[in-house]
Protein chains: 2
Amino acid sequence: MKYCSECGEKLSLLIAENDSQPRHSCTAYGYVHYHNPNIIAGCIIEHKGKVLLCQRAIEPKIGAWTLPAGFMEIDESIEEAAVRETWEEANAKVEIDALYSVFHVAEMNQVYIIYRATLLDDNFSPGPESLEVKLFDPSEIPWDQLFYPAINDILQRFKSDLQLGVSSVYSGSSVKGDVLVVDHTFKY
Amino acid sequence: MKYCSECGEKLSLLIAENDSQPRHSCTAYGYVHYHNPNIIAGCIIEHKGKVLLCQRAIEPKIGAWTLPAGFMEIDESIEEAAVRETWEEANAKVEIDALYSVFHVAEMNQVYIIYRATLLDDNFSPGPESLEVKLFDPSEIPWDQLFYPAINDILQRFKSDLQLGVSSVYSGSSVKGDVLVVDHTFKY
């Protein structure tokens, strides 16, 4: 961030009164440009004992498998974003069941908000950002080809929940690549 | 958003290939500037049957009561942001217990992520952004002086949870001022 998006002037790194850290500030326009984490909304979908995954057709990590998920827009709810992203990436119509995971991926500057969801029919196929969309039996999940460690973790937990016949919700953080800290899990 | 924050050139509203809506785009720099919702992290703190609220010393709505909460930064987890904001606004040291609420406030373009938390000692006092910090018995909450309808809703639910002796978690949306849609609540 180098220029003010409101007036085009060069930005300075300044610490405002009552603030704790330097921010990109426009002295001409008098505006502080904050840089905040982005929200990724998506779905974890179980269908007849299998889980739906999408193979990425876009960077980063083309070919990696992941949940249908993407950036939340400003004109929709979190649930609407999760349903829309599932439609765009997997051409799958789903209904939200419950909140499943809220986790911060530090190295991506993203907060994932993932819902359990149910397919409304048997149809799905790759959208423009997916190479393939497939239902995987938990024993057949391509663990070494997943998008990044937090996706491994959520799928391991989902597999365990399916085996135990429970649901759960958690909030946690994925930091420094393959270290995942999961806190505050509870089952119901 | 009028100028490219990377090169200072004027932005155009363009629809990219595979995108569904116009975005502020820099044709010189070849960059699309997305506008995404912000995350507000905070705590709902019960102490000896009372709930801790802060009276706002800053705009908007100076004098309104609300939960200690604020913008998540890019260099911290959601839980760290909730603990930090509670320290900054209420000079209160807390420990996170569990996720409590994830809700989108459409008119603010914000997603609130609120944790149940416990005071680590009896000390609290107004930080620079608060006029007053106080523990309220649920029967004494100033319902007509709360920050906005979603705060009323979370406090009504917390009051009900305390009476029933249960915990709960939900995901929902607050839209158009005083209409609150709450979905996917479960108790444990």
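Start with both chains on screen: in this predicted model, a rotation of 180° with 0.0 Å of shift along its axis puts chain B on top of chain A, with an RMSD of 0.0 Å. That is how a two-fold axis relates two copies.

Next, select the place where the chains touch. Here 37 residues of chain B are in contact with 37 residues of chain A. Which elements of chain B should you colour? Pick β4 (38-47), α1 (78-90), β8 (94-105), β9 (110-119), β11 (168-175) and β12 (179-187), since each supplies at least two residues of the side that touches chain A. Now leave just β8(B) highlighted: β8(B) gives the most to that side, with five residues. Then try colouring the side of chain B that touches chain A by class, and you'll get 21 nonpolar, 12 polar and four charged residues. What about the partner's side? 100% of the interface residues of chain B are also interface residues in chain A, so the copies meet through the same surface.

Now hide chain A and go to the early part of chain B. Three strands make an open sheet there, in the order β1-β2-β3, with antiparallel pairing. Strands of a sheet pair through backbone hydrogen bonds. Where are the edges? Select β1 (12-14) and β3 (31-33) of chain B, each of which pairs on one side only. Look along the sheet, too: neighbouring strands are turned by 45° against each other on average, direction ignored.

Last stop: zoom in on β1(B) and β2 (residues 23-26) of chain B, which run antiparallel and are joined by three bridges. Click Ser12(B), and find its bridge partner in β2(B), Ser25(B).

Technical notes. Residues are numbered from 1 along each chain as its sequence is written. Chains are lettered from A and ligands numbered from 1 in the order in which they are written. This is a predicted model: local features need pLDDT of at least 70, side-chain atom pairs count only at pLDDT 80 or more; totals for chains, interfaces and linings use all residues. Two strands pair if DSSP finds at least two bridges between them. Helices (H or I, at least four residues) and strands (E, at least two) are DSSP runs, numbered from the N terminus. Axes are lines fitted to C-alpha atoms, for helices over the stretch in contact, and angles run from 0 to 180 degrees between N-to-C directions. Copies are superposed by least squares on the C-alpha atoms of residues with pLDDT of at least 70 in both. Two residues are in contact if their C-beta atoms, placed from the backbone, lie within 7 Å. Ala, Val, Leu, Ile, Met, Phe, Trp, Tyr, Cys and Pro count as nonpolar, Asp, Glu, Lys and Arg as charged, and the others, Gly among them, as polar.
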